[in-house]
Amino acid sequence: MRRLLIAGNWKMNLDRGRSLSLVQGLVESLRNTSNVDVAVCPPSVYLGELGKALHGSNIGLGAQNAYNQPEGAYTGEVSCGMLKDVGCQYVILGHSERRAIFGETDLMVNEKLHAVLAAGLTPIVCVGETLQEREAGKTQQVVESQCKGSLAGLSHEQMLKTVVAYEPVWAIGTGKTATPAQAEEVHKDIRELLGSLFSSETSQKVIILYGGSVKADNALELLSEPNIDGALVGGASLKQDSFLGIVQAASSVKK
Ligand code: PGA
């Protein structure tokens, strides 16, 4: 049985005061939620303070990026050790915005992935096709090549500690969600690919999240699909009610 994970990707949103009150509200409201894993991934500048606010709660803390080196002359970057130091458990890697805006390649994602795992953090590796690629019938090819490149060189044990997030680029922040059938088809492909790269036993244990306009009112049908093990939530993670609605939907899913 895979435990569902709902992770909020705040991106570059919210200020210090609103971050803190959102986290405090979530801690209070999710006190008794035990059948779903929940995490928030705020901007890195707030991680330390929010890590303290989350201490002792059942909500995990995640970063939206990390660098692959432990320390040194890398102006503007943050190491995995530093993230761990302030209470992070998760790190999102290779989000489509990092790939498209900041030029991250599969190789860069892969280097970061190895650093994140070496630090004992849980990576959430994002993959997904653009609208043009989907319309050209290349979804499977693109997603498989991103998975192969981003996940290269992992041992079975490391793969088991890695979360994959399928996020079709055309569904991110657009209000256009993949239908549950469209998402499930790609999740199933990813699991089959992991089965061939690792083993079927390993692939059955890997958590594969869906991301792209997940909301409280579409979460249940997406999360009910057999190969969708949770959600990476952008816009709807910025408000307490909408994020809680998604966690509640996850908590009611029976598989
Ligand atoms: P969205 O973003 O939920 O706002 O579409 C998801 C993501 O980018 O992780």
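The following exchange examines strand 8 and the ligand site of a predicted model.

User: What makes strand 1 and strand 8 a pair?

Analyst: Two strands pair if DSSP finds at least two bridges between them. Strand 1 (residues 5–9) and strand 8 are joined by four bridges in the parallel sense, so they meet the criterion. One of the contacts sets Ala 7 against its bridge partner Leu 232.

User: How do you know that strand 7 pairs with strand 8?

Analyst: Strand 7 (residues 208–211) shares two bridges with strand 8, again in the parallel sense. The cut-off is at least two bridges, so this pair qualifies. Here Gly 211 stands opposite Leu 232. Strand 7, helix 11 (residues 216–223) and strand 8 also make a right-handed β-α-β unit.

User: Why are both faces of strand 8 called covered?

Analyst: In a regular strand the side chains alternate between the two faces of the sheet. In strand 8 (residues 230–233), Gly 230 and Leu 232 lie on one side, Ala 231 and Val 233 on the other, and all are buried. Buried means under 20% relative accessible area, and both sides are therefore covered.

User: What makes the approach of Glu 167 to the ligand a polar contact?

Analyst: A polar side-chain atom of Glu 167 lies 2.6 Å from an oxygen atom of the ligand. The limit for N or O atoms is within 3.5 Å, so the pair counts. By that limit, the side chain of Lys 11, at 2.7 Å from a ligand oxygen, and the backbone of Gly 235, at 2.8 Å, also qualify. The protein covers 96% of the 280 Å² of accessible area that the ligand has on its own.

Methods: Residues numbered from 1 in each chain as written. Predicted model: local features only at pLDDT ≥ 70, side-chain atom pairs only at ≥ 80, totals over all residues. Heavy atoms only, no water. Buried < 20%, exposed > 50% of the residue type's maximum accessible area, 1.4 Å probe, protein only. Right-handed = clockwise from strand over helix to strand, strands pointing away. Polar contact = N/O pair within 3.5 Å; in protein donor to acceptor, adjacent residues only side chain to side chain. Areas by Shrake-Rupley, 256 points an atom, 1.4 Å probe, with all protein chains shown as cover.
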